[in-house]
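Please read this report on the fold of one protein chain with the structure open beside it. It goes from the packing of helices on a sheet to the pairing of strands, and then to the buried parts and the hollow spaces.

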Amino acid sequence: MSLPTALGLVLASLGFFAARPSSGLARLVLTERAGSRTARRVLPFVFLFPIAVGWISVVAREHGLIDTQFSVLLFVLSAIALFSMLTLFSVRWINRSEISLIETKVELERRVAERTRELENAVRRLEDEIALRESTEVARRVTEARFRHALEFAAIGTAIITLDRRFVEVNYALCEILGYGENEMLELDFRNITHPDDLDATLRQADKLLAGEQNAFQIEQRCLRKDRSTVWVMLSESLVRDANQKPMFFVVQAEDISQRKQAEQALEENRALLLEIIDALPVPFALKAEDTRWLMTNRAMAAYNRKPV
C-alpha cells in the first residue's frame, strides 16, 4: 500500500469518526470527562506514530537500507511498543488514582468515626447533667446553652431533629452544605432535604434506633440543596434517650463527600476507557496472574487463541 493511500484511509477514518460526535467512540473522546481529556492527549500519538514509522520505512526501502520484510517487522514491533507503553501508562495512572481514593476514603471514615465518638461523649455528658440537675430551671438553661454552643461550632454539619424528623436545631455548617438559611431549615423536615431514592434506606436505619437494635449508624446518601441540586453526604445519626430510656430526639451529622464521589466516578470512567482501548488493540494483549490465571484478554488475543496451530 502506498503512503498516499494510507494517508487517505487515515483521513477517511477521521472523517467517519467526526461525522457522529454524539455517539460511539466519538462520544467517549469529545466529552469533558477526565478519561476523555486523557484520550484527546493520547490519540494524536496513536495516529501520528504509525504514519511516521511507515514513512521512515518507505524512505529506507527506497535507499536500499532495508527490505520489505524488515519494514513490516519494524512497523509491527513499533505498533506493539506504542500500544504497550500507552496501556502500561494508563494502568499505572489508574492504580495511583485508586490508591489515592482508598486512602482518602479511609481518612474520611476515620475522621467521621472520631467526631461521632466526640459527639456521643458530649451527648452522654449532657444526659448526666440533665439527670443530676433536671430539678432546677437554671441547670436546664446551662445545659441547653452548652449543647447549642457545641452544635453551632461543630466542624461538620450537625442538627437535632425530633422523633417525627423535623429540624429543631441546625448549625452553620449544615446550612452551608444545603444552601438554606437557619430559619428556612427550621421550617423543613428531614424528608424535604433527602433524595427520594435514598429516603427509605435512611428511615429504616432510624427505625432500628427507635427499636433499640443499634445505638448509631452511618450511611452515604444524597441530599437536595435549596436550588434542588444534589450533594452527597456521609450521614451519621444517633438517638438520645432520657434517664428512663425513653427516646427524646435524634442527633444528625452530615459531611460533604461530593468530591470523593466525583473521584470514584472519574476512576470508573477511566477504567472503562482503558478496557475499551485494550480491547480495541490490533495486536493480542493479555494480563496473567502469578498463579497462571488469566486476568484480562482483548479481542485480538481471543481471535489468536482460536486459530489452528
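Helix 9, which spans residues 258–280, lies across strand 3, strand 4 and strand 5, and runs at about 130° to strand 4. This is a predicted model, and the angles, volumes and contacts in this report are computed from it.

The sheet itself is open and has five strands, which follow the order 2-1-5-4-3 with antiparallel pairing. Strand 2 (167–170) and strand 3 (216–224) stand at the edges with a single partner strand each, and therefore one side of each is left without a neighbour in the sheet. From one strand to the next, the twist averages 30°. Helix 8, made of residues 196–210, also packs on the sheet, where it touches strand 3, strand 4 and strand 5, and its direction makes about 155° with that of strand 3.

It helps to recall how such sheets are held together in general. Strands of a sheet pair through backbone hydrogen bonds, and the pairing can be either parallel or antiparallel. The table lists three of the pairings in this model.

| Strand pair | Sense | Bridges |
|---|---|---|
| Strand 4 and strand 5 | antiparallel | nine bridges |
| Strand 1 and strand 5 | antiparallel | five bridges |
| Strand 1 and strand 2 | antiparallel | three bridges |

Particular residues make these pairings easy to find on the model. Between strand 4 (residues 230–241) and strand 5 (residues 247–256), V233 has D256 as its bridge partner in strand 5. In strand 1, A159 has the bridge partner V252 in strand 5, while I161 stands opposite F167 in strand 2. The hairpin of strand 1 and strand 2 has five residues between the strands, and in this hairpin R165 takes a positive phi near 75°.

Is strand 1 mostly covered or mostly open? Strand 1 is mostly covered, since five of its five residues are buried. In a regular strand the side chains alternate between the two faces of the sheet. For strand 1, both faces are covered, with G157, A159 and I161 buried on one side and T158 and I160 buried on the other.

The buried side chains can be followed further into the nonpolar cores. The largest nonpolar core has 26 residues, and those with the most contacts inside it are F167, V170, L174, L178, M185, I193 and F250. Two or more residues of this core come from each of strand 1 (157–161), strand 2, helix 6 (172–178), helix 8, strand 3, strand 4 and strand 5. Apart from this core lies another, of five residues, among them F83, L274, I278 and L281. Taking one member of the largest core as an example, L178 touches M185, I193, C223, L224, R225, K226 and V231, when residues up to four places away in sequence are not counted.

The model also contains enclosed spaces, with two cavities of 30 Å³ or more. The largest cavity has a volume of about 90 Å³ and is lined by 15 residues, of which L174, I193, L235, V252 and A254 lie nearest its centre. Strand 1, helix 6, strand 3, strand 4 and strand 5 each supply at least two residues of this lining. Two of the residues nearest the centre of this cavity, L174 and I193, also belong to those with the most contacts inside the largest nonpolar core.

Among the pockets, the second largest has a volume of about 480 Å³. It is lined by 21 residues, and the closest to its centre are V123, E127, L239, V240 and R241. Helix 4 (68–133) and strand 4 are the elements that give two or more residues to the lining of this pocket, and helix 4 gives the most, with seven residues.

Helix 4 also includes S100, which counts as partly exposed because its relative accessibility is 39%. The C-alpha atoms of S100 and A263 are separated by 9.6 Å, although these residues are 163 apart along the chain.

Taken as a whole, the protein chain holds ten helices and seven strands. Buried residues make up 32% of its 309 residues. Of the contacts between residues at least 6 apart in sequence, 46% join residues at least 24 apart.

How values were computed
Residues numbered from 1 in each chain as written. Predicted model: local features only at pLDDT ≥ 70, side-chain atom pairs only at ≥ 80, totals over all residues. Heavy atoms only, no water. Pairing = 2+ DSSP bridges. Helix = DSSP H or I, 4+ residues; strand = E, 2+ residues; numbered from the N terminus. Axes fitted to C-alpha atoms, helices over the stretch in contact; angles between N-to-C directions. Contact = heavy atoms within 4.5 Å. Core = buried A, V, L, I, M, F, W, Y, C linked by side-chain atoms within 4.5 Å. Buried < 20%, exposed > 50% of the residue type's maximum accessible area, 1.4 Å probe, protein only. 1 Å grid on protein atoms, 1.4 Å probe; cavity = no way out; pocket = protein on both sides within 12 Å on 5 of 7 lines; lining within 4 Å. Points joined across faces, edges and corners; volume = space filled by probe spheres on them.
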